[in-house]
Amino acid sequence: MRGRRSRAGELPLGLGDGLAFIATADDSGTQLDGRCDIHIEGRLPLARFWTLTVYDPRGRLIDNVAERYGYNSAEVVWRPDATMEIVLAPRARGGNWIPTAGRDRLVAILRLYDAPVGFGSRSGDNADLPAIRQEFCQ
Amino acid sequence: MRTYTLPLIAGLVLGGLVHIVTTLTLPRVASEDAYARLARLGPPNVVQLVPDSTPMQAVLPRMDPAFLSAVCVYDLSSASLKVRVPTTPDYTSVSFYTRYGLAYYALNDHAAGARTIELNLMTAAQRAALPEDEEITAADRLIVESPTAEGVVMIRVLVRERGLREAIRARLAEASCSPIG
C-alpha cells in the first residue's frame, strides 16, 4: 500500500490532521462510473469539517465549467433530519451536484478533519458512513 | 524430465526473489514521489506556496481543493529548523512527512491553541545535543523529532468560502521555516 502511494506521489493525511475514506465502488461492489447517477447519501461522522472530492483514477480533478470538484460541510445543503445527499452525475441537476464529465471510472474521497481521536484506531463503534448507490447508467 | 526440474525450480526461486526485492525497493527508487515533485518548487528549508490543483495540472495527485497548501521541503543535515505558521480563523494544520512520504506527526490550530504555531524541527541527534538548560526552557517550546534528515512539512489551510481565498493565501505566505543558528 505504501509503495503504491509513493509511486503515485501522494502525501496521505496524517492521523493528527484528518481521516480519509476512499471509495472506488458503490455498496454493491460495482466500480464508480461517471456515466451513471451516483448517489452518496446519509449521515456523516462527527468532525470539525469534512470534504467530499471526486477524482479520476490518477488522482486528478474532473474538468467541468462550474469548477465544482466536490462539496464540503459548510456549503452542502443538508436535509432537516441532518442527513445529506450528494449526486455525482454527467448532466446538470439541482441540489448537491458534482459533475462527472461522463468519465467511466471515478474515485470519491471523504475527508474528515479534526475527527475525534479513537475513530481512526477502530476502537469506536461503526462509523456513520453514507451509502453509495448507482442508477440510470447511460 | 529430471534435467529440466532443477533449472525450472531455480528459475522460479530467482524470479520470486527479484519480484520481492523490486516490490520492496520501489517506494525508494520511484523518481516521481511526492518529495521529488515538491522539491522542484524551490530550494529546501524555505516555505513555498503550492499552486492550486486544477484538472490540467497538480503538483501532487489527490490534493483536497478545499485547502490552500504550502510546503517546506527540509534538510536538517546542517542545522535544525524553526517552523512558524500563522493560524487562520479556520482550520489550519501542519503535517510532517519523511523523505519517503510517511506521515509521522501532525497538529492543527486547535491542538496548538495559539495564533501562531511555532515549533522546532530536528533530528534525534540534534535533540540529544541540546544543552541541558535548553531542555528546560524547551518545555514551552514544541520540538518535533524527524526520523529522517530530509522530509516535508505540509501546511494546509481551509478556505471555507471562495471569496476569502486571496486573503488566506496572503496569510499562508507569512509561514516560514528557517535554519536555527
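## A strand pair in chain B

Strand 4 (residues 92-98) and strand 8 (residues 150-158) of chain B pair in the antiparallel sense, over 7 bridges. One of the links joins B:Tyr97 to its bridge partner in strand 8, B:Val152. The model is predicted.

## The sheet around it

Strands 4 and 8 belong to an open sheet of 5 strands in chain B. The order is 1-2-8-4-5, and the pairing is antiparallel. Strands of a sheet pair through backbone hydrogen bonds.

Strand 1 (47-50) and strand 5 (103-108) of chain B are the edge strands. Each pairs on one side only. On average, neighbouring strands of this sheet are turned by 20° against each other, direction ignored.

Helix 6 (residues 165-172) of chain B lies across strand 1, strand 2 and strand 8. Its angle to strand 2 is about 15°.

## The nonpolar core

The largest nonpolar core has 70 residues. B:Val71, B:Val83, B:Val152, B:Val153 and B:Ile155 have the most contacts inside it. Strand 2 (residues 67-75) of chain B gives the most to this core, with 7 residues.

Take B:Val83. Leaving aside residues up to four places away in sequence, B:Val83 touches B:Cys72, B:Val94, B:Leu119, B:Leu121, B:Val153 and B:Cys177.

## Where the chains meet

In the contact between the chains, 33 residues of chain A meet 34 residues of chain B. On the chain A side, the elements giving two or more residues are helix 1 (2-8), strand 3 (49-55), strand 4 (70-72) and strand 7 (107-113). Helix 1 of chain A gives the most, with 6 residues.

By class, this side of chain A has 12 nonpolar, 10 polar and 11 charged residues.

Key. Residues are numbered from 1 along each chain as its sequence is written. Chains are lettered from A and ligands numbered from 1 in the order in which they are written. This is a predicted model: local features need pLDDT of at least 70, side-chain atom pairs count only at pLDDT 80 or more; totals for chains, interfaces and linings use all residues. Two residues are in contact if their C-beta atoms, placed from the backbone, lie within 7 Å. Helices (H or I, at least four residues) and strands (E, at least two) are DSSP runs, numbered from the N terminus. Ala, Val, Leu, Ile, Met, Phe, Trp, Tyr, Cys and Pro count as nonpolar, Asp, Glu, Lys and Arg as charged, and the others, Gly among them, as polar. A nonpolar core is a set of buried Ala, Val, Leu, Ile, Met, Phe, Trp, Tyr and Cys residues joined through C-beta atoms within 7 Å. A residue is buried if 20 or more other C-beta atoms lie within 10 Å of its own, exposed if 12 or fewer, and partly exposed in between; C-beta atoms are placed from the backbone. Two strands pair if DSSP finds at least two bridges between them. Axes are lines fitted to C-alpha atoms, for helices over the stretch in contact, and angles run from 0 to 180 degrees between N-to-C directions.
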